[in-house]
Amino acid sequence: MDFEKIVSELKNRPIPLHMLTPTKNGYVCICGNGSGSSRTGANLSSDGTRLLCGKQCGHSKGVYSYIDIAAHYYNIDLTNFVEGVKQLCQVEGIDLDNFNDKNKIFPHSDEKQLPQVKEIESDTLKQKQAAENFLKQSHGKLKKFLDNHGGKYRAIDYDVLNFLNWQYCPTYKHTNNNFTFPAMLIPNDNGGLLARQIDGDAKSNLKPSGTSTLYLPQNPKFVLAVEGAINGASILQALGTDLDFAIIAANGTPNKDLLVNKILELFPNKNIPVAIAFDTDVEKNGKHAGQDAAVNVLNSLIKAGYIACTINITKTEGKDLNDVLNANNGISELSKMLNDSIKFAKDEFEKIENAKNQKLLGESGADYFKDSQFMDYLNLKKQFADRVTGFSNIDDEMNGLLPGIYIIGGLSALGKTTFVWQLLEQMSRNGEHCFFCSYEMAKGELYCKTVAREVYKIESNNFNSIPEKVLTASNIAKSRFYDHRANFDTVLDNLSQELTNLRVWEIDNPDIEALLERLEKVCTNLDKPPIVAIDYLQLLAAGSDNVKNVIDGILLKLKTFQRKTNSTFFIVSSLNRANYNTDISFESFKESGNIEFSADAIWGLQLLLDGERTRQNIEKAKRDNPRQIQLQCLKNRFGRNFDVGFLYYPSVDYFKPMNEETYLTVTDEYTDYQKNAAGITTKINGRTKDAEPKF
């Protein structure tokens, strides 16, 4: 929004004539000049963009632009100039963010509208004193006025008006203007008066002065908030002056914030519900002032902690409560509308209260099954029952990869990143939306691993033979792939078709909030929940004084997001150096207590060794090609724990699942000796199968 441009454009707009009141010589100025007996007022400049006051009153020595005149006309206070101009733009339908259509500045500038009757502001000390004088002037004149008007003012009887302390003043004169007019005087909550014109001849454009608490019983059951004081008086006329609810009038939509403040002042404990019944206005400039203000009040009250709802009493655009009261059988019609609306409001209050209690207590098991939520849960999980990682041995054990947080840990340089990267590649090829969040490796480095692996698959006949020369990720990064050019080009062509669901996010800022905000936007645009890898957990807490507490918070936020979106996270974690020479366990993980309780599954990668787990044996096993790797599932919220084996080819970044026979032979966990018919003893390596069925 270019605010200065908007202000400049508005200041140079011609002033619409219907916003001005003509005099004998010119127009009535904002200051009141021109309303006296001589009727000599202000004049327009030759180009029509300025109103020039002969008294040189007000700001800028009596020179008024379109902004001043329009703000005066629409009851907009320019004390805070920026907010005032924004409000003017809102009234005129100007889009501040797309300010390019000049016609939007004043879409009805050529219309000849009659000046609208406005309410008078009376909230300064001087004006409060003036209000007291007007009440003294008006004393005893209300009944005489009503006698001359059929005993009613806008169909409201004397008893109600007198109950509200409303008065009639035949010569109301505003302290800042020189004109007078007959007016009904309505007390407001700040000690001033609202002056509502009786005959409509006089014109005033000052904004309303404040709210009016029209009715406040000792222990009200709820608050009925209305837009205008006359609407509130109409309710008392229809239902009587012995009600069990309070009535507060905003006295105009610009006072919506004052209305909220008044409710906060009267009921600071927020233990009373509020029904908001603003006028159902006809659309103007694409807006409904009453309805829009009601929603604003509703949101403010809910945010403040109140139970609140909106009600539409007349259910007719452009028809307020007093309009109904003025019609034939007005009292009975309005009474019926009010009783129906109050019943609706009470029902809404009860629903909201029940919902709040339900949220506080939590849902009962009976309700969970009664509402078919359990079956909905099963149907949701069913879509993941056939989801696979692409590692056959893990998939045999898992029987479907459910959403959750999977922590994967292992020794440094053991291939954790490569393992998770290959896993995401495989899942993306199966149609899953996969996002690899890399805090350490560049996108190009990861894709070099992919290309190396795929070229080796071709040249080794899918790992069934050993080629003479191997193309490594390192060689690819150095553009040393010409001996493998044909296969290299084939792989690139294939990958350009196959990896449509795989994306790498290179992340420099370890801000979990920023990552989750981005992922939340992604989730709304996907047809199913994503698979997300984070490489790696400890980098998210880099630079923190208390790593443990930071990781606690990160895991909690990740779990909350995962549960809300049904996404799946694979999170790489480093291990404690103190546990390098021991079998992998919960204690091997950094901040192990938090990871143990936060994760849905914990997978640990370790080398399968001949002999004890010493540093020398570990380094020796790292030099093997392929390396023999064991994945131990230390925790599995979705089933039983398990362990499986892999052959890891580090030169080409490939994890190949061991078949069961190979793995059992390597682990040598169980040895049995059997004799055949010839009496020859055979050694069988393998593990004893437990009786627990696989799920």
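Both E425 and R453 are buried, and in this predicted model their side chains meet in a salt bridge with an N to O distance of 2.9 Å. The two residues belong to distant parts of the chain: E425 sits in helix α15 (residues 416-429) and R453 in helix α16 (residues 443-459), 28 residues apart. The contact also belongs to a wider arrangement, for E425, R429, R453, E454, K457 and E498 are linked in a network of salt bridges.

Helix α15, which carries E425, deserves a closer look. The helix has 14 residues and reaches 20 Å from its first C-alpha to its last, close to the 20 Å expected at 1.5 Å a residue. Of those 14 residues, 13 are buried, and α15 is thus described as mostly covered. Just after the helix, G431 takes a positive phi of about 95°. On the preceding side, the loop between β16 (405-410) and α15 holds A413. This alanine has a positive phi of about 65° although it is not a glycine. A413 counts as exposed because its relative accessibility is 58%, above the 50% cut-off.

The structure as a whole contains 23 salt bridges. One of them joins D244 to K221, with the closest N and O atoms 3.8 Å apart. D244 lies in the loop between α7 (229-239) and β13 (246-249), and K221 in the loop between β11 (212-215) and β12 (223-226), so the pair ties together parts that are 23 residues apart in sequence. The two partners fall into separate accessibility classes: D244, at 30% relative accessibility, counts as partly exposed, whereas K221, at 57%, counts as exposed.

Another salt bridge connects E520 and K564, whose closest N and O atoms are 3.1 Å apart. Here too the pair links distant parts of the chain, with E520 in helix α19 (residues 512-524) and K564 in helix α20 (residues 547-565), 44 residues apart. E520 counts as partly exposed because its relative accessibility is 38%, and K564 is exposed, with a relative accessible area of 56%. While both residues of the E425 and R453 pair are buried, neither E520 nor K564 falls into that class.

The region around α20 also offers two points of backbone geometry. Most residues other than glycine have a negative phi, and most peptide bonds are trans. A cis peptide bond, with omega about 5°, joins D535 and Y536. Y536 is found in the loop between β19 (531-535) and α20. In the loop between α20 and β20 (568-573) lies N566, which has a positive phi of about 60° although it is not a glycine. N566 is buried because its relative accessible area is 15%, under the 20% cut-off. A413, by contrast, combines its positive phi with an exposed position.

A further cis peptide bond runs from N625 to P626, with omega near 5°. P626 is placed in the loop between α22 (615-622) and β22 (627-636).

Strand pairing can be followed in a small part of the fold. Strands of a sheet pair through backbone hydrogen bonds, either parallel or antiparallel. Three strands form an open sheet in the order β3-β4-β5, and the pairing is antiparallel. Strands β3 (43-44) and β5 (63-64) stand at the edges, each with a single partner strand, so one side of each is left without a neighbour in the sheet. Between strand β4 (residues 51-52) and β5, the antiparallel pairing extends over two bridges. Within this pairing, L52 stands opposite V63 in β5.

The last topic is the empty space inside the model. Rolling a probe the size of a water molecule over the atoms shows where empty space is left. The structure holds three cavities of 30 Å³ or more, and the largest cavity has a volume of about 70 Å³. Its lining consists of A277, F278, D279, T280, N312, I313, T314, K319, D320 and L321. By class, the lining of this largest cavity has four nonpolar, three polar and three charged residues.

Terms used
Residues numbered from 1 in each chain as written. Predicted model: local features only at pLDDT ≥ 70, side-chain atom pairs only at ≥ 80, totals over all residues. Heavy atoms only, no water. Salt bridge = Lys/Arg side-chain N within 4 Å of Asp/Glu carboxyl O. Helix = DSSP H or I, 4+ residues; strand = E, 2+ residues; numbered from the N terminus. Buried < 20%, exposed > 50% of the residue type's maximum accessible area, 1.4 Å probe, protein only. 1 Å grid on protein atoms, 1.4 Å probe; cavity = no way out; pocket = protein on both sides within 12 Å on 5 of 7 lines; lining within 4 Å. Points joined across faces, edges and corners; volume = space filled by probe spheres on them. Nonpolar A, V, L, I, M, F, W, Y, C, P; charged D, E, K, R; others polar. Expected span 1.5 Å × (residues − 1). Pairing = 2+ DSSP bridges.
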